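Here is a short briefing on how one fold is put together. The topics are helix packing, the sheet and the cores.

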Amino acid sequence: MPDHAFPLVVVAGVSGSGKSTIGRALARHLGVPYEEGDDLHPPGNIEKMEAGVPLTDEDRAPWLDRIAGWLRGHLDHGGVITCSALKRRYRDRLAAVSPRVFFVHLHGPAELIAARIAARRGHFMPVGLLRSQFEALEPPGPDEHGAEVSVEGTPEETTALALAAVRDASR
């Protein structure tokens, strides 16, 4: 089977953009494993975020290493993982695993995303940290292997857009 038959996707974007929802649905449609990137955060990172303290580049380094390790472990059979991947250097670090790593960057208005964060329960990321994520965000450049996907529609519409982008990239 050719390499492109096994997509290796990072669903990226600020907290509340729908990474988990879209990532799970995308993995199901593609028939590949899914991993919740938030589950790979070291406990200290979660404690900081729960306390409303933005993570630094140094805080994110071990988390990005774990995500890169997961990607490496799925080179042979593909997979979908979530990761905010807010900065170009973070995406470059993950893309270094393989030229097949494809980023689906979920984006939408800050007001919509803040409302989604405020409505969800049981997540460590408070709405107060959203501003710091938007400030840190470096949108993907045209030379990066990925696509921007709007989250302004329903989850089904967003998943369809993400799926089309992944399939277009694998042709």
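Helix axes are lines fitted to C-alpha atoms over the stretch in contact, and the angles between their N-to-C directions run from 0 to 180 degrees. The model is predicted. Its 5 strands form an open, parallel sheet. Helix α3 lies across β1, β2, β3 and β4, while helices α1 and α7 cross at roughly 55°.

**Helix pair α1 and α7**

- Two packed helices are described by the angle between their axes and the distance between the axes.
- Helix α1 covers residues 19-30, and its axis comes within 9 Å of the α7 axis.
- Their crossing angle is roughly 55°. That makes α1 oblique to α7, because the angle falls outside the roughly parallel, antiparallel and perpendicular ranges.
- The crossing of α1 past α7 is right-handed.
- On the α1 side, the contact is made by Thr 21, Ile 22, Ala 25, Leu 26, His 29 and Leu 30.
- On the α7 side, Pro 155, Thr 158, Thr 159, Ala 162, Leu 163, Val 166 and Arg 167 take part.

**Thr 159 in the contact**

- Thr 159 sits in helix α7, which spans residues 155-169.
- Is Thr 159 buried or exposed? Its relative accessibility is 6%, so Thr 159 counts as buried; the cut-off for buried is under 20%.
- Beyond its neighbours within four places in sequence, Thr 159 contacts Ile 22, Ala 25, Leu 26 and His 29.

**The sheet**

- The strand order is β2-β3-β1-β4-β5, with parallel pairing.
- Strands β2 (34-35) and β5 (146-150) are the edges, and each pairs on one side only.
- Strand β2 pairs with β3 (residues 79-82) in the parallel sense, over 2 bridges.
- Within that pairing, Tyr 34 has Val 80 of β3 as its bridge partner.
- Helix α3 (residues 57-73) runs at about 170° to β3.

**Nonpolar cores**

- The largest nonpolar core has 18 residues.
- Residues with the most contacts inside this core include Val 10, Ile 67, Leu 71 and Ile 81.
- Elements β1, α3, α4 (88-95) and β4 each supply at least two residues of this core.
- Which element gives the most to this core? Helix α3 does, with 6 residues.
- Val 10 touches Leu 71, Ile 81, Cys 83, Leu 94, Val 101, Phe 102, Phe 103 and Val 104, leaving out residues up to four places away in sequence.
- A second, separate core has 17 residues, among them Val 9, Val 11, Leu 30 and Val 32.

How values were computed
Residues numbered from 1 in each chain as written. Predicted model: local features only at pLDDT ≥ 70, side-chain atom pairs only at ≥ 80, totals over all residues. Heavy atoms only, no water. Helix = DSSP H or I, 4+ residues; strand = E, 2+ residues; numbered from the N terminus. Buried < 20%, exposed > 50% of the residue type's maximum accessible area, 1.4 Å probe, protein only. Contact = heavy atoms within 4.5 Å. Pairing = 2+ DSSP bridges. Core = buried A, V, L, I, M, F, W, Y, C linked by side-chain atoms within 4.5 Å. Parallel < 35°, antiparallel > 145°, perpendicular 65-115°, else oblique. Left-handed = near helix turned anticlockwise from the far one by under 90°.
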